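The following paragraphs lead through one structure, helix by helix. Please keep the sequence and the coordinates open while reading.

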Amino acid sequence: MPQTPDYIRISDEIIADLRSGKVKPGDKLPSIADMSDRFEVSSSTIQMVYVRLEALRVIRRHQGKGIFVTDPKTWMREP
């Protein structure tokens, strides 16, 4: 069975943290460097995680301020 790519696994884990209430709407996510340390992956993998989460409308980037969690009501539904 093929292994799930790291960026999918990590983004799913972040979504699970949001659903469980560990992370709340409006919270700022850690930097790409901090996330790559936490998950022991490259920064380009975390970049892909954030691109996927942004496409699902789970996060919003604010230039110079950071990456923030959006309200779950605005999220795209899982395909």
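**Packing of three helices**

The buried residues of helix 2 pack against helix 1 and helix 3. The model is a predicted one, and helix 2 is a convenient place to begin. Helix 2 covers residues 32–39, and its buried residues are Met 35, Ser 36 and Phe 39. Viewed down the axis of helix 2, these buried residues lie within an arc of 100°, so they line one face of the helix.

Consider next how helix 2 meets each of its partners. With helix 3, helix 2 packs at an angle of about 110°, and the axes are 9 Å apart. Angles of 65 to 115 degrees count as roughly perpendicular, and helix 2 is therefore roughly perpendicular to helix 3. On the helix 2 side the contact involves Ile 32, Met 35, Ser 36 and Phe 39, and on the helix 3 side Ser 43, Ile 46, Gln 47 and Tyr 50. Sorted by class, this contact of helix 2 with helix 3 has five nonpolar and three polar residues, and no charged residues.

The contact of helix 2 with helix 1 is described in the same terms. Helix 1 and helix 2 pack at an angle of about 100°, with 12 Å between their axes. Because of this angle, helix 1 and helix 2 are roughly perpendicular to each other. Helix 1 contributes Ile 10, Glu 13, Ile 14 and Asp 17, which meet Met 35, Arg 38 and Phe 39 in helix 2. By class, the contact of helix 1 with helix 2 has four nonpolar residues, no polar residues and three charged residues. Met 35 and Phe 39, both buried residues of helix 2, are thus found in the contact with helix 1 and in the contact with helix 3.

Asp 17 is a residue of helix 1. Is Asp 17 buried or exposed? With a relative accessible area of 12%, Asp 17 is buried, as buried means under 20%. Leaving aside residues up to four places away in sequence, Asp 17 touches Lys 22, Val 23 and Arg 38. Arg 38 is also one of the helix 2 residues that meet helix 1.

The remaining pair is helix 1 with helix 3. Helix 1 spans residues 6–20 and helix 3 spans residues 43–55; they pack at an angle of about 55°, with their axes 9 Å apart. Helix 1 and helix 3 are therefore oblique to each other, and their crossing is right-handed. Which residues make this contact? From helix 1 they are Asp 6, Tyr 7, Ile 8, Ile 10, Ser 11, Asp 12, Ile 14 and Ile 15, and from helix 3 they are Thr 45, Ile 46, Met 48, Val 49, Arg 52 and Leu 53. By class, the contact of helix 1 with helix 3 has nine nonpolar, two polar and three charged residues. Ile 10 and Ile 14 appear here and also in the contact of helix 1 with helix 2. Ile 46 of helix 3 takes part in the contact with helix 1 and in the contact with helix 2.

Outside the helices, several positions can be added to this picture. Pro 5 is in the segment before helix 1 and, at 39% relative accessibility, counts as partly exposed. Pro 5 and Thr 45 are 40 residues apart in sequence, while their C-alpha atoms are 9.4 Å apart in space. Thr 45 is one of the helix 3 residues in contact with helix 1. In the loop between helix 1 and helix 2 lies Lys 24, which is partly exposed at 47% relative accessibility. Lys 24 and Phe 68 are separated by 44 residues in sequence and by 9.5 Å in space, C-alpha to C-alpha.

Two loop residues call for a look at the backbone. Most residues other than glycine have a negative phi. Glu 40, just after helix 2, takes a positive phi of about 55°, although it is not a glycine. Glu 40 belongs to the loop between helix 2 and helix 3, and its 73% relative accessibility makes it count as exposed. Arg 57 is likewise not a glycine and has a positive phi, of about 65°. Arg 57 is found in the loop between helix 3 and strand 1 (59–62). At 47% relative accessibility, Arg 57 counts as partly exposed.

Definitions and conventions
Residues are numbered from 1 along each chain as its sequence is written. This is a predicted model: local features need pLDDT of at least 70, side-chain atom pairs count only at pLDDT 80 or more; totals for chains, interfaces and linings use all residues. Side-chain values use heavy atoms; hydrogens and water are left out. Axes are lines fitted to C-alpha atoms, for helices over the stretch in contact, and angles run from 0 to 180 degrees between N-to-C directions. Helices (H or I, at least four residues) and strands (E, at least two) are DSSP runs, numbered from the N terminus. Angles under 35 degrees count as roughly parallel, over 145 as roughly antiparallel, 65 to 115 as roughly perpendicular and the rest as oblique. A crossing is left-handed if the near helix is turned anticlockwise from the far one by less than a right angle, and right-handed if clockwise. Contact means heavy atoms within 4.5 Å. Ala, Val, Leu, Ile, Met, Phe, Trp, Tyr, Cys and Pro count as nonpolar, Asp, Glu, Lys and Arg as charged, and the others, Gly among them, as polar. Buried means under 20% relative accessible area, exposed over 50%, partly exposed in between (1.4 Å probe, protein chains only). The arc is that of the directions from the helix axis to the C-beta atoms.
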